[in-house]
Amino acid sequence: MRLAVRGIPTPDADQLRRGGPDANGQAALRRRAEGQGNPCRHCLDLIAEGDDKLVLSYRPFAGPQPYAETGPVFLHAAGCERYDADALPAWFGFMAQALVRGYDAHDWIVYETGRVVAGRELEAACRSILENEAVAYVHIRSKFNCFQCRVERG
Ligand SMILES: [Zn+2]
């Protein structure tokens with residue numbers, strides 16, 4: 001099975017960079033990236049220490065509904081290129097723990113798919129969950145429950 005891994009849509013990132021409202025209706029905060037743990041959800045790369053990042057609330061679903069979790073994410077404050085590939089970013093393999101779960105075509109969690117795995121096991125977990133025909137797509141989240149990216153069948 002081929003995977004399709006993408007960052008958040010470019011129009012979402014663009015409107016947030018222009019000061020548009022985040023999922024809580026507020027403009028993103030601008031902060032300097034410190035340390036190595038600042039993933040951008042558009043390019044799915046790590047924001048270099050010292051570069052500016054946006055901190056905002058993001059809801060990775062088309063609209064509000066009971067399963068539409070909302071949480072904090074970072075974006076490069078400056079423009080970047082959307083991640084669009086058939087594999088996870090290599091650095092995901094270094095995550096100590098990640099949450100992964102499948103959603104159905106109505107954006108509800110498919111409960112039996114929820115797992116906590118080591119980063120190096122993420123891709124296999126995504127493939128395994130996507131074998132379930134009830135699953136439309138998978139979300140990967142950090143151990144802090146911050147949305148990382150969406151994975152679909154390629
Ligand atoms: Zn970026």
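Welcome to this structure, and let us start with one pairing: in strand β5, the bridge partner of R6 is D84. The model you are looking at is predicted. The domain assignment of the protein chain gives domain 1 (3-85) and domain 2 (90-153). Below, we go from the six-stranded sheet to the helix on it, then to the cores, the three-stranded sheet and the contact between the domains.

**The six-stranded sheet**

- Six strands form an open sheet in the order β5-β1-β9-β8-β6-β7, and their pairing is antiparallel.
- At the edges of this sheet stand β5 and β7, each of which pairs on one side only.
- Strand β1 (residues 3-6) and strand β5 (residues 84-85) run antiparallel and are joined by two bridges.
- Strand β1 also pairs with strand β9 (residues 147-153), in the antiparallel sense and over four bridges.
- R6 has a place in this second pairing too, since R6 stands opposite R150 in β9.
- Strand β9 is joined in turn to β8 by four bridges, and these two strands run antiparallel.
- Within that pair, V138 stands opposite V151 in β9.

**Two buried residues to look up in the sheet**

- Which strand holds A4? A4 lies in strand β1.
- A4 has a relative accessible area of 8%, under the 20% limit, so A4 is buried.
- Leaving aside neighbours within four places in sequence, A4 is in contact with A85, R150, V151, E152, R153 and G154.
- A4 and Y137 are 133 residues apart along the chain, yet their C-alpha atoms are separated by 9.7 Å.
- Over in strand β9 you will find Q148.
- Is Q148 buried or exposed? Q148 counts as buried, at 4% relative accessibility.
- Not counting residues up to four places away in sequence, Q148 touches P39, R41, L44, W91, F92, I140, R141 and S142.

**Helix α2 and what covers it**

- Helix α2 packs on the six-stranded sheet, where α2 touches β1, β6, β7, β8 and β9.
- The direction of α2 makes about 15 degrees with that of β6.
- Which residues of helix α2 (residues 122-130) are buried? They are L122, A125, C126, I129 and L130.
- Seen down the axis of α2, these buried residues fall within an arc of 125 degrees, so they line one face of the helix.
- The cover over the buried residues of α2 includes β1, β6 (98-103), β7 (109-117), β8 (137-142) and β9.

**The nonpolar cores**

- The largest nonpolar core has 22 residues, and V100, L122, I140 and V151 touch the most other members.
- At least two residues of this core are supplied by each of β1, β6, β7, α2, β8 and β9.
- Helix α2 gives the largest share of this core, five residues.
- Both domains take part: this core draws at least three residues from each of domain 1 (3-85) and domain 2 (90-153).
- V151 makes a good landmark to follow here. Not counting residues up to four places away in sequence, V151 touches L3, A4, V5, L88, C126, L130, Y137, V138 and I140.
- Another core lies apart from the largest one; this other core has 16 residues, among them C43, L56, Y58 and V73.

**The three-stranded sheet**

- A second open sheet has three strands in the order β2-β3-β4, with antiparallel pairing.
- Strands β2 (29-32) and β4 (71-76) stand at the edges with a single partner strand each, so one side of each is left without a neighbour in the sheet.
- From one strand to the next, the twist averages 35 degrees.
- Four bridges link β2 and strand β3 (residues 52-58) in the antiparallel sense.
- One pair to look for is R30 with L54, its bridge partner in β3.
- Helix α1 (residues 10-17) packs on this sheet and touches β3 and β4, and its direction makes about 110 degrees with that of β3.

**How the two domains meet**

- The C-alpha centres of domain 1 and domain 2 lie 18 Å apart.
- How many residues does the contact take from each domain? The contact takes 18 residues from domain 1 and 22 residues from domain 2.

Note on methods:
Residues are numbered from 1 along each chain as its sequence is written. This is a predicted model: local features need pLDDT of at least 70, side-chain atom pairs count only at pLDDT 80 or more; totals for chains, interfaces and linings use all residues. Side-chain values use heavy atoms; hydrogens and water are left out. Two strands pair if DSSP finds at least two bridges between them. Axes are lines fitted to C-alpha atoms, for helices over the stretch in contact, and angles run from 0 to 180 degrees between N-to-C directions. Contact means heavy atoms within 4.5 Å. Buried means under 20% relative accessible area, exposed over 50%, partly exposed in between (1.4 Å probe, protein chains only). The arc is that of the directions from the helix axis to the C-beta atoms. A nonpolar core is a set of buried Ala, Val, Leu, Ile, Met, Phe, Trp, Tyr and Cys residues joined through side-chain atoms within 4.5 Å. Domain bounds come from an automatic or database domain assignment.
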